[in-house]
Amino acid sequence: SSGINAEWPLRPGETGVDVNFGSRDSAVDGMIKVYLWGDKKACDKAKMTIMVLIYKIVFSIPGSCDILYRTPTEVFEIPEDKCGLVIGKYGSKIQKIRYKAGVGVYLGDRDSAVDGMMNVYLWGDKEVCDKAKKTIMELISEQTEVFEIPKERIGQVIGQGGSKVEDIKRKTGVRVHVGSSKSAVDGMIRVTLRGNKEGCDKA
């Protein structure tokens, strides 16, 4: 929040909006709350400004006034209960999307959910926004599948130095975890797959 405070261009006396950033200690899933007080139009303007400033800071976008009020390139909805899948632990997944796709991403806060759906805002060229949207949709469609294999077959699945498991991950895009021999129950080892349905079925 320090970077935003340093660049904050709208003062309460100019906009009629009071702004307060939650402390870093209050962060949940890598996100802090921002509180705005004022009429709706002024608060909407302040909110958009904050979101664009975050975009500028993360991607070092030159210029200021020219993009302060630019509307998002794309807005779409995801289920509120899938929000954690997109954000990741300490914001790791959403940061990865931002840096990998080179796109600005903002998830509406859960209090803004309507009928269990939340808005996702994207800024950037259409091509990178499409790429980011595809990644997000894949994340929220992620599923976990668990099954068992005989203990004596574990070597055939893992391969030398884990080569076969790594090959499965690379070809399917699915995360694969094979339990250790010590974890066997009645001679069976648990295998856990995490990814989209098509990838899990293929794996």
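**Exercise 1.** Determine which residues Leu107 touches, not counting residues up to four places away in sequence.

*Solution.* The model is predicted, so local features need pLDDT of at least 70 and side-chain atom pairs count only at pLDDT 80 or more, while totals for chains, interfaces and linings use all residues. Residues are numbered from 1 along each chain as its sequence is written, and side-chain values use heavy atoms, with hydrogens and water left out. With contact taken as heavy atoms within 4.5 Å, Leu107 touches Ile78, Cys83, Val86, Ile87, Ile94, Met118, Asn119 and Val120.

**Exercise 2.** Place Leu107 in the largest nonpolar core and find which element supplies the largest share of this core.

*Solution.* A nonpolar core is a set of buried (under 20% relative accessible area, 1.4 Å probe, protein chains only) Ala, Val, Leu, Ile, Met, Phe, Trp, Tyr and Cys residues joined through side-chain atoms within 4.5 Å. The largest such core has 19 residues, and Leu107 is among those that touch the most other members, together with Val105, Leu122 and Ile136. At least two residues each come from β3 (74-79), α4 (83-87), α5, β4 (104-107), β5 (117-123) and α6, where helices (H or I, at least four residues) and strands (E, at least two) are DSSP runs numbered from the N terminus. The largest share, five residues, belongs to α6. A second, separate core has 10 residues, including Val174, Val178, Val191 and Leu193.

Note on methods
Buried means under 20% relative accessible area, exposed over 50%, partly exposed in between (1.4 Å probe, protein chains only).
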